[in-house]
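Trainee: I've got a model open and I'd like to talk it through with you, bit by bit. Can we put it up on the screen?

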Amino acid sequence: MADLGMNPKAYPLADATLSKTILDLVQQASNYKQLRKGANEATKTLNRGISEFIVMAADAEPLEIILHLPLLCEDKNVPYVFVRSKQALGRACGVSRPVIATSVTIKEGSQLKPQIQSTQMAIERLLV
C-alpha cells in the first residue's frame, strides 16, 4: 500500500478537497465554540445527541481506539468522515497536539449552519 499505510478501516476517507473544506469548518466551529476535541468528548456528544458530524484521523494509532465512533454515528444517524492526518486535525482544532477525533456540535442559531449542512451532504455522498 503506497498510501502511507492508511488503514482500510478508516472509511470513508475524505479526499484533499473535502478534507480542506472539513478542516476549515472545524476551525470555524472551534472559533464559535461548536467543537469538542478527542474521542471521549466526541462519544459524549453522540450519546447526548448534540453532534452535527464527527471527524476522525485515519492515522490514529491504533485506529481501534476510535472505531467505536462510526458504529455510534450509524446508530445515531450522524455523518462521520476520516481525514488523513491527526496533526492537521489538531491544527484545525486550534491546538498544537494531534487530535484523533472531534465533533462539531449543534448550536441554536449558529452562523455555521449552512456550511455544516453542505458538509454533512458531502460526507453522506461518500458513504453511498
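Trainee: Let's begin with Ser19: where is Ser19 found?

Mentor: Keep in mind that this is a predicted model. Helix 1 covers residues 16-31, and Ser19 is found in helix 1.

Trainee: Is Ser19 buried or exposed?

Mentor: The cut-off for buried is under 20% relative accessible area. Ser19 has a relative accessible area of 10%, so Ser19 is buried.

Trainee: Setting aside residues up to four places away in sequence, what does Ser19 touch?

Mentor: One of the two partners is far off along the chain: Ser19 and Val83 are 64 residues apart in sequence, yet 5.9 Å apart in space, C-alpha to C-alpha. Val83 belongs to strand 3, residues 80-83. With the neighbours up to four places away left out, Ser19 touches Ala14 and Val83.

Trainee: Back to the helix itself. At what angle do helix 1 and helix 5 pack?

Mentor: Helix 5 spans residues 113-126, and its axis is 11 Å from that of helix 1. The crossing of the two is left-handed. Helix 1 and helix 5 pack at an angle of about 145°.

Trainee: How many nonpolar, polar and charged residues make that contact of helix 1 with helix 5?

Mentor: Helix 1 brings Leu18, Thr21, Ile22, Leu25 and Gln28, and helix 5 brings Gln115, Ile116, Thr119, Ala122, Ile123 and Leu126. Sorted by class, the contact has seven nonpolar, four polar and no charged residues.

Trainee: Ile123 shows up in that list. Is Ile123 buried or exposed?

Mentor: Ile123 sits in helix 5 and is part of the contact with helix 1. Its relative accessibility is 0%, so Ile123 counts as buried.

Trainee: Leaving aside neighbours within four places in sequence, which residues is Ile123 in contact with?

Mentor: Look towards the strands as well as towards helix 1, as helix 5 packs on the sheet and touches strand 2, strand 3 and strand 4. Its direction makes about 55° with that of strand 2. Apart from those sequence neighbours, the contacts of Ile123 are Ile22, Phe53, Pro79, Tyr80 and Val81.

Trainee: Now the sheet. In what order do the four strands lie?

Mentor: Start from the edges: strand 1 and strand 3 each pair on one side only. Neighbouring strands are turned by 20° against each other on average, direction ignored. The sheet is open, its pairing is mixed, and the order is 1-4-2-3.

Trainee: How many bridges join strand 2 to strand 4, and how many join strand 2 to strand 3?

Mentor: Strand 2 and strand 4 run antiparallel, whereas strand 2 and strand 3 run parallel. Five bridges join strand 2 to strand 4, and four bridges join strand 2 to strand 3.

Trainee: Which residue is the bridge partner of Met56 in strand 3?

Mentor: Met56 has a partner in strand 4 too, namely Ala101. Along the strand 3 pairing, Ile54 is matched with Tyr80. For Met56, the partner in strand 3 is Phe82.

Trainee: Which hand does the crossover from strand 2 to strand 3 have?

Mentor: The two strands run parallel. Between them, the chain passes through helix 3, residues 68-76. This β-α-β crossover is right-handed.

Trainee: How many residues of strand 2 are buried?

Mentor: Strand 2 runs from residue 51 to 57 and is mostly covered. Helix 2 lies across strand 1, strand 2 and strand 4, and helix 5 touches strand 2 as well. The buried count for strand 2 is seven of seven residues.

Trainee: On to backbone oddities. Which residues does the cis peptide bond with omega about -5° join?

Mentor: There is another cis bond, from Glu61 to Pro62, with omega near -20°, and Pro62 lies in the loop between strand 2 and helix 3. The one you ask about involves Pro12, in the segment before helix 1. That bond joins Tyr11 and Pro12.

Trainee: Last one: what is the phi of Asn77?

Mentor: Asn77 is in the loop between helix 3 and strand 3, and it is exposed, with a relative accessible area of 71%. Lys33, in the loop between helix 1 and strand 1, also has a positive phi, near 60°. Asn77 is not a glycine, yet its phi is about 60°.

Conventions
Residues numbered from 1 in each chain as written. Predicted model: local features only at pLDDT ≥ 70, side-chain atom pairs only at ≥ 80, totals over all residues. Heavy atoms only, no water. Axes fitted to C-alpha atoms, helices over the stretch in contact; angles between N-to-C directions. Left-handed = near helix turned anticlockwise from the far one by under 90°. Contact = heavy atoms within 4.5 Å. Nonpolar A, V, L, I, M, F, W, Y, C, P; charged D, E, K, R; others polar. Buried < 20%, exposed > 50% of the residue type's maximum accessible area, 1.4 Å probe, protein only. Pairing = 2+ DSSP bridges. Right-handed = clockwise from strand over helix to strand, strands pointing away.
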